[in-house]
Amino acid sequence: MAGNTSGDDYENIDWDTEDELEIQNITPSSCASLATLNTQTIVSNGEASSSAGPSNSKLVQHFLGMGFSEQLIAKAIKENGEANTESILESLLTYSVLESDSPDEQNSCPQQQQCVEENGELSSDYDESLCDDLSESDDSWSGGSEIADISSSLPKHEKAVLSLANMGYTVEEATAAMERCGPEASIAELTDFICAAQMAKTEDVFFEEEKPKLPLRLNADFKKRKLYDLEIWKRKKRKGLVSEEDEGLRLPNPMIGFGVPTDVNVITHRTLPDAAIGPPFFYYENVALAPKGVWDTISRFLYDVEPEFVDSKYFCAAARKRGYVHNLPIKNRFPLLPLPPRTVNDALPLTKRWWPAWDKRTKLNCLQTVIGSAKLTERIRKALEKWGDDPPQQVQKYVMDECRKWNLVWVGKNKVAPLEPDEVEMLLGFPRNHTRGGGISRTDRYKSLGNSFQVDTVAYHLSVLKDIFPNGINLLSLFSGIGGAEVALHRLGIPLKNVVSVEISEANRDIVRSWWEQTNQKGNLIHLADVQQLNGDRLEQYMGSFGGFDLIVGGSPCNNLAGSNRVSRDGLEGEQSSLFYDYFRILDLVKCIMNKQS
């Protein structure tokens, strides 16, 4: 059926509008681009080229429509073969950068090649240090031919890093993803890893208005700078000038911490620093892929305890890469029963009927605070209806990129939709309609759920407390959100005697209060709004009334840590994420008060 569809129909599909690109932070090109896809002429940036006539003409026409020259397309097809369109595209991106300069420019020092930003001003990204760095090397760049040799001879994994850089990711992010996913990982797997480790921006992003269409080609100067970045990075690394810290956080792969229920290689013993040994027990959580140095700082403040990095995909059907610092025992952990579904089709069985064979997903990415728009799902439906049951590779790739980005699932023939709030609750281990108890909007339900614990993962870690506190537990829950820790302890069968819950969101406090009443809790629930107002006097008052806290749990805001925050990703010095220091302050106060009372 695809063979009977005209190129004009294909080109009219609205592939990349600004609402989709915004989540990837891809900068649109300032160059105008017009592609009229027919059998005669392609016009892009004012340049015309005649269409190809061999058997691969459709493939050539496709890349001509993206603005690449016929000569480059032929070269890329010859190098990669006709079947591997992804590799062809990677090669074309590289060739178009390298061959865009004149011979005089190619023979000049990169310092003399002024990088012009889209607003017309000179970029400060490359100054004399660029030439100095390149000239120090024995094989420094002398011309465009050497640049071409470098890029065309890149190993597969380095081409992947360059491709990720062209998408807008930094070389550091791309290199870190490659190290964790392995050298044979595909571009889709690498972008999945980066996106799954990121939390979406906390503001509502529903993209109600249609945004102008963006050109498919990235800005040439932007690509050139990324190519320079990659080569400089390689040269520095060869010289030993790049430290392990500069290479980014080295997360374990697989990300199973000290063990998960499905893995036989479970660690049952570790040595805690003396200062970390309780009471009380403490448990701290945050996003795994934080800026460099963040987890070292967290560990240092929390008595030098080694973080435990775990991906919730080993507990449920959705990824959620998190780091946990705690002083809990790790022997004799056990999971919540019944075990939750581990695949998307098992968790959402109604999707099986409509799930196409070319969608290979078995897990969802990290569940975020926002969802895809109705206009996006409508564009996907229209794109698929043009092609029947077997859409071409390019259409499949477009649909899969959006499905992974927004966790879209199949709800009908050629129809995808975002998850419903109750489906997100189920995937995260909360009871059905848990967030309806606060009487809040669907938008706020998604936001609250996106910032919560994954209950099954947390319960596995906290399960060791059941034998230690058979008669119940006194809990100090900081940044308690919608009560993930409280739900986990309740589902483990650990009675909640006294809970001091500190949460700034009134809606979230209402959700926890509603859950407390619906589950007929017999203990005392005390709600506070602001961790910064919780001081030593107030803690002594609480601890004097019921004998101290057994567990202090919390996950401070990740706003300034998450990778999707390109505006204020300031680490632990950011306005919201600096509240981690209040977690440590309160924990240390409790330890001091309990030591004084003992």
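How do the axes of helix 23 (residues 536-546) and helix 24 (residues 580-597) cross, and within what distance do they come? In this predicted model, the two axes come within 10 Å and cross at roughly 50°. Helix 23 and helix 24 are therefore oblique to each other, since an angle has to reach 65 degrees to count as roughly perpendicular and be under 35 to count as roughly parallel. As for handedness, helix 23 goes past helix 24 in a right-handed crossing. On the helix 23 side, the contact is built from G536, L539, E540 and M543, while helix 24 brings in I586, L589, V590, I593, M594 and K596. Sorted by type, the residues of this contact come out as seven nonpolar, one polar and two charged.

A second helix pair worth a look is helix 19 with helix 21. Here the axes come within 9 Å and cross at roughly 60°, and helix 19 and helix 21 are therefore oblique as well. This crossing, too, is right-handed. From helix 19, V455, D456, V458, A459 and L462 meet G484, V487, A488, L489 and R491 of helix 21. The split by residue type for this contact is seven nonpolar, one polar and two charged.

One of the helix 19 residues in that contact, D456, deserves a paragraph of its own. D456 sits in helix 19, which covers residues 455-462. With a relative accessible area of 4%, D456 is buried, because anything under 20% falls in that class. What does the side chain of D456 make a polar contact with? The partner is the side chain of Q454, at 3.1 Å. Leaving aside residues up to four places away in sequence, D456 touches F315, L336, P340, L428, G429 and R491. Of these, R491 also turns up among the helix 21 residues that meet helix 19.

Helix 18 (residues 442-450) has its own set of buried residues, namely R445, Y446, S448, L449 and G450. Which helices do the buried residues of helix 18 pack against? They pack against helix 17 (421-428) and helix 22 (506-518).

The loops hold some backbone oddities. Most residues other than glycine have a negative phi, and most peptide bonds are trans. Against that background, two cis peptide bonds and two positive phi values can be picked out. The bond joining N253 and P254 is cis, with omega at about 5°, and P254 lies in the loop between helix 12 (220-239) and strand 3 (281-287). The other cis bond runs from L337 to P338, with omega near 0°. P338 belongs to the loop between strand 5 (321-326) and helix 14 (344-347).

On the phi side, N433 is not a glycine, yet its phi is positive, at about 65°. N433 is placed in the loop between helix 17 and helix 18. Is N433 buried or partly exposed? Its relative accessibility is 31%, so N433 counts as partly exposed. F479 also has a positive phi, near 50°, without being a glycine. This residue is found in the loop between strand 8 (473-478) and helix 21 (484-491). F479 has a relative accessibility of 15% and therefore counts as buried.

Terms used. Residues are numbered from 1 along each chain as its sequence is written. This is a predicted model: local features need pLDDT of at least 70, side-chain atom pairs count only at pLDDT 80 or more; totals for chains, interfaces and linings use all residues. Side-chain values use heavy atoms; hydrogens and water are left out. Helices (H or I, at least four residues) and strands (E, at least two) are DSSP runs, numbered from the N terminus. Buried means under 20% relative accessible area, exposed over 50%, partly exposed in between (1.4 Å probe, protein chains only). A polar contact is a pair of N or O atoms within 3.5 Å; within protein, one must be able to donate a hydrogen and the other to accept it, and residues adjacent in sequence count only if both atoms are side-chain atoms. Contact means heavy atoms within 4.5 Å. Axes are lines fitted to C-alpha atoms, for helices over the stretch in contact, and angles run from 0 to 180 degrees between N-to-C directions. Angles under 35 degrees count as roughly parallel, over 145 as roughly antiparallel, 65 to 115 as roughly perpendicular and the rest as oblique. A crossing is left-handed if the near helix is turned anticlockwise from the far one by less than a right angle, and right-handed if clockwise. Ala, Val, Leu, Ile, Met, Phe, Trp, Tyr, Cys and Pro count as nonpolar, Asp, Glu, Lys and Arg as charged, and the others, Gly among them, as polar.
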